[in-house]
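Let's take a walk through this one together. Keep the viewer open and follow along as we go.

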Amino acid sequence: MRLPAWEFDSVYNSFSRMVYWTAYGALKSESDAMDISQEVFIRVLRHMKKLENMGEAQLKSWLYRVTVNLCVDGKRRVKHEVLADELPETPVSSEEELPEIAVMNAETVRMVRGAIDALPDIYRETVLLHYFSGMGYEEIAALQGVSEGTIKSRMSRTKGKLCETLKGGELHG
Amino acid sequence: MADKMDDILQHVADQANAQVDYEAMHASILKKARAGKLAVRKKIVRYGSVAAAVLIVTVGLTVFGRSLRMGSAASEANDENECAFYAAENPQADTSTADESTEERDMLGSALVPKAEGEDACSGSGGGGDGDSINDAVTPPGCSTANCDTLYWEERGLELPAVDFGESSEVESDSEHFLCTVTNATADDYEAYIALVNEMYPDGADNRGEATNTSEEYDIVVRLADDQYAVSIFPFGRRAYNQRAAKRQLKSCEHNQASLPNSGDAWLLL
């Protein structure tokens with residue numbers, strides 16, 4: 001069965017969030033993420049003939065690799081690459097200590113964003129792809145070339161770390 | 001805790017996505033893509049024109065160089081022709097040219113031999129089959145020796161005795177007129193030349209056709225005035241005055257040398 005041909009707008013609407021947050025996860029800068037995203041989609045326009053008949057997974061993988069490669073090049077240029085660290089296993093703490101969404105103010109949101117930015121690269125990228133880009137664990141695992149269990153494990157550790165950060169911030173804020 | 005943390009993260013993500021202007025990014029991408037295409041076109045126009053100019057110059061130089069080479073080849077061919085003529089006119093000169101390719105020389109000879117009037121191009125000297133054809137080409141009809149040098153009216157195929165007197169001579173001719181002007185000639189030269197003319201054409205007008213290979217009548221005007229000696233040949237009837245009277249005067253001159261004028265015109269009947 002022949003797949004429907006992609007058009008640029010449909011590619012952009014389907015994957016612009018993924019590209020943007022992947023770039024943001026790598027560079028931790030909104031403006032840099034915006035520049036990288038634009039560069040990625042300019043390449044999409046340039047190679048549209050080759051991309052239009054790709055399957056969704058294949059196209060997603062292509063976009064992810066192009067985005068990561070551009071970010072790596074950008075990092076090399078600005079020389080502020082941060083090596084990935086392993087997060088320690090964080091013990092589960094009480095849920096009641098976390099702020100309620102209804103009462104989260106801008107300061108709390110900024111604090112959460114800061115905590116995400118402070119995560120090691122692979123954890124930050126996983127969080128961004130899952131929550132910010134809306135991708136499932138299976139898709140993230142396929143993109144990163146790891147198992148779904150690995151993604152789940154990373155996500156659990158990330159949540160524990162963020163929980164600690166948020167509780168500490170509230171306590172000290 | 002995990003569910004609450006999920007909610008918090010999703011809430012933060014939604015707020016973050018709301019702050020990202022994807023529409024503006026989309027417009028910016030299209031704008032940049034158009035600008036990129038325009039830049040490529042400008043490069044094509046800029047470097048294309050340069051490439052076209054280079055191509056035109058290259059083609060021009062190639063054509064110019066080719067024409068130069070053809071010109072030099074033609075010049076070399078002319079040099080060869082001149083050498084061939086020189087060799088023909090100077091048989092004693094460097095004989096090395098005779099050792100050159102017979103075929104090449106035959107080609108030159110056949111190309112250079114002027115066609116004598118009334119002579120078929122394929123007759124005579126055999127169409128340049130040997131080296132003598134060049135000598136034949138420059139020898140006036142009626143000459144039997146290599147050193148024979150006569151006046152020859154090429155347009156009419158008419159021959160007159162050589163002028164070997166005076167300081168210098170100059171010949172001009174066309175289809176209607178033949179004039180040989182000799183400077184510093186004397187009356188004796190004039191008389192001797194008239195005698196030679198009569199010797200060459202002893203039967204006068206009766207043999208004219210055979211000698212000249214033409215059926216026309218000619219008036220040869222020999223003029224001696226102020227040391228200028230002139231021989232003119234005109235087709236009969238082209239003079240404005242009485243041709244017959246002039247011929248009678250010429251006959252009179254032949255039989256009575258004393259009556260030969262020192263200046264004025266005389267006519268020979270051929």
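**Starting at a helix end**

Find A:Gly134, which comes after H6(A) and has a positive phi, near 80 degrees. Keep in mind as you look around that this is a predicted model.

Now step back into the helix itself. How many of the residues in H6(A) are buried? Eleven of its twelve, so to speak of H6(A) as mostly covered is fair. Among the buried ones are A:Tyr123, A:Val127, A:Leu128, A:Leu129 and A:Phe132, but the list also takes in A:Glu125, A:Thr126 and A:His130.

Two charged members of that list deserve a click. A:Asp121 and A:Arg124 make a salt bridge, with 2.4 Å between their closest N and O atoms. Both sit in helix H6 (residues 121-132) of chain A, three residues apart, about one turn of the helix. And both A:Asp121 and A:Arg124 are buried.

For some background, side chains of opposite charge can pair when their charged atoms come close. Across all chains, the count of salt bridges comes to five, so there is room to visit a couple of others, given the cut-off of within 4 Å between nitrogen and oxygen.

Head over to helix H2 (residues 30-46) of chain A. There the side chains of A:Arg43 and A:Glu39 meet in a salt bridge, at 3.3 Å from N to O. Why are these two about one helical turn apart? Because A:Arg43 and A:Glu39 are four residues apart in that helix. Are they buried or exposed, or something in between? A:Arg43 has a relative accessible area of 30%, so it counts as partly exposed. A:Glu39, at 28%, is partly exposed as well.

The next salt bridge takes us across to another chain. A:Lys159 pairs with B:Asp6, and their closest N and O atoms are 2.7 Å apart. A:Lys159 belongs to helix H8 (residues 148-172) of chain A, while B:Asp6 belongs to helix H1 (residues 2-19) of chain B, so this pair joins two chains. A:Lys159 has a relative accessibility of 10%, which means that this lysine counts as buried.

While you're on chain B, look for charge on the surface. B:Glu154, B:Glu155, B:Glu170, B:Glu172 and B:Asp174 gather there in a patch of negative charge. One of them, B:Glu172, lies in strand S3 (residues 168-173) of chain B. At 45% relative accessibility, B:Glu172 counts as partly exposed.

Back on chain A, zoom out. Chain A has eight helices and zero strands, and along the sequence its pattern reads α-α-α-α-α-α-α-α. It has 173 residues, of which 47% count as buried. Its accessible surface comes to about 9,000 Å², and carbon and sulfur atoms hold 51% of that.

What about contacts along the chain? Taking the contacts in chain A with a separation of 6 or more, 70% come from residues 24 or more positions apart. For a pair to look at, try A:Val72 and A:Leu27: they are 45 residues apart along the chain, and their C-alpha atoms are separated by 8.8 Å. A:Val72 lies in helix H4 (residues 56-78) of chain A, and with 29% relative accessibility A:Val72 counts as partly exposed.

Notes:
Residues are numbered from 1 along each chain as its sequence is written. Chains are lettered from A and ligands numbered from 1 in the order in which they are written. Side-chain values use heavy atoms; hydrogens and water are left out. Buried means under 20% relative accessible area, exposed over 50%, partly exposed in between (1.4 Å probe, protein chains only). Patches are made of residues with over 30% relative accessible area and no salt bridge: like charges are joined within 9 Å, nonpolar side chains (Val, Leu, Ile, Met, Phe, Trp, Tyr) within 5 Å. Accessible areas come from the Shrake-Rupley method with a 1.4 Å probe; for residues, only the protein chains shown count as cover. Lys and Arg count as positive and Asp and Glu as negative; His and the chain ends are not counted. The place of a charge is taken as NZ of Lys, CZ of Arg, CG of Asp or CD of Glu. Contact means heavy atoms within 4.5 Å.
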